[in-house]
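Grab a coffee and your favourite viewer, and let's work through some exercises together. Try each task on your own before you read the solution.

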Amino acid sequence: MDCIFCKIASKAIPSAIVYEDEKCLIFKDIHPAAPIHLLAIPKAHCESALDINDTNADVIGHIFAVIAKESAALGLKYYRVVTNCGEDAGQTVLHLHFHVLGGRELSMIMG
């Protein structure tokens, strides 16, 4: 597979890993949009939120629980979690991922 996030999950490409378990990986974004900008991904390939279903929904809940735990460990009282769903919505890597942004006040940006 030619998916960069699958390659990061398999350690074929190095990354600054913040958290890892058998279901997910959280690592630092190489182009941060905030002082803290992490990417949380399922290890199993899933293209976007359009592909969440009854068989993989538990992994998404797990990722959000890990995001909460790791954000608290980083001292974030407030943070934003964003996912883009499809290329027209700004998704540039076709592997489901959640941007975790924090470390400063975030303005509301809509479409």
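Below are five short exercises, each with a worked solution.

Before you start, keep in mind that this is a predicted model, where local features need pLDDT of at least 70, side-chain atom pairs count only at pLDDT 80 or more, and totals for chains, interfaces and linings use all residues. Residues are numbered from 1 along each chain as its sequence is written, and side-chain values use heavy atoms, with hydrogens and water left out.

**Exercise 1. The salt bridges**

Task: Find how many salt bridges the structure holds, and say which residues are linked in a network.

Solution:
- Step 1: Set the rule. A salt bridge needs a side-chain nitrogen of Lys or Arg within 4 Å of a carboxyl oxygen of Asp or Glu. The general idea is that side chains of opposite charge can pair when their charged atoms come close.
- Step 2: Count. The structure holds three salt bridges.
- Step 3: Take Asp2 and Lys7. Their closest N and O atoms are 3.1 Å apart. For exposure, buried means under 20% relative accessible area, exposed over 50%, and partly exposed in between (1.4 Å probe, protein chains only). Asp2 is exposed at 69%, while Lys7 is partly exposed at 28%.
- Step 4: Go to Glu20. Its side chain meets that of Lys11 in a salt bridge, 2.6 Å from N to O. Glu20 also pairs with Lys43, at 2.7 Å from N to O.
- Step 5: Ask what that second pair does. Lys43 sits in the loop between E3 and H2 and Glu20 in strand E1, so the pair ties together parts that are 23 residues apart in sequence. Helices (H or I, at least four residues) and strands (E, at least two) are DSSP runs, numbered from the N terminus.
- Step 6: Put it together. Lys11, Glu20 and Lys43 are linked in a network of salt bridges. Glu20 is partly exposed at 33%, and Lys43 is partly exposed at 23%.

**Exercise 2. A backbone angle in a loop**

Task: Work out what sign the phi of Lys11 has, and where Lys11 is placed.

Solution:
- Step 1: Recall the usual pattern. Most residues other than glycine have a negative phi.
- Step 2: Check the angle. Phi of Lys11 is near 70 degrees, a positive value in a residue other than glycine.
- Step 3: Place the residue. Lys11 is in the loop between helix H1 (4-9) and strand E1 (17-20), and at 44% relative accessibility Lys11 is partly exposed.
- Step 4: Look at another residue of this loop. Pro14 is found in the loop between H1 and E1 and is exposed, at 76%. Pro14 and Ile4 are ten residues apart in sequence and 11 Å apart from C-alpha to C-alpha.

**Exercise 3. A polar contact**

Task: Which backbone atom does the side chain of Asn56 reach, and is Asn56 buried or exposed?

Solution:
- Step 1: Locate Asn56. This residue is in the loop between strand E3 (36-42) and helix H2 (57-73).
- Step 2: Get the distance. A polar atom of the Asn56 side chain lies 2.6 Å from the backbone nitrogen of Asn53.
- Step 3: Check the accessibility. Asn56 is buried, with a relative accessible area of 18%.

**Exercise 4. Strand residues and their distances**

Task: For Leu25 and His99, say how far each is from its listed partner in sequence and in space.

Solution:
- Step 1: Start with Leu25, in strand E2 (residues 24-28). Leu25 is buried, at 0% relative accessibility.
- Step 2: Leu25 and Ala40 are 15 residues apart in sequence, and 5.8 Å separates their C-alpha atoms.
- Step 3: Move to His99, in strand E5. His99 is buried too, at 16%.
- Step 4: His99 and Leu39 are 60 residues apart along the chain, with their C-alpha atoms separated by 4.8 Å.

**Exercise 5. A charged patch**

Task: Which residues form the negative surface patch?

Solution:
- Step 1: Name the members. Glu47, Asp51, Glu87 and Asp88 form the patch. Patch residues have over 30% relative accessible area and no salt bridge, with like charges joined within 9 Å and nonpolar side chains (Val, Leu, Ile, Met, Phe, Trp, Tyr) within 5 Å.
- Step 2: Place Asp88. This residue is in the loop between strand E4 (79-82) and strand E5 (98-102), and is exposed at 87%.
- Step 3: Place Glu47. This residue is found in the loop between E3 and H2, and is partly exposed at 40%.
- Step 4: Add a distance. Glu47 and His62 are 15 residues apart in sequence and 18 Å apart from C-alpha to C-alpha.

Key:
Areas by Shrake-Rupley, 256 points an atom, 1.4 Å probe, with all protein chains shown as cover. Lys, Arg positive; Asp, Glu negative; His and termini not counted. Charge placed at Lys NZ, Arg CZ, Asp CG, Glu CD. Polar contact = N/O pair within 3.5 Å; in protein donor to acceptor, adjacent residues only side chain to side chain.
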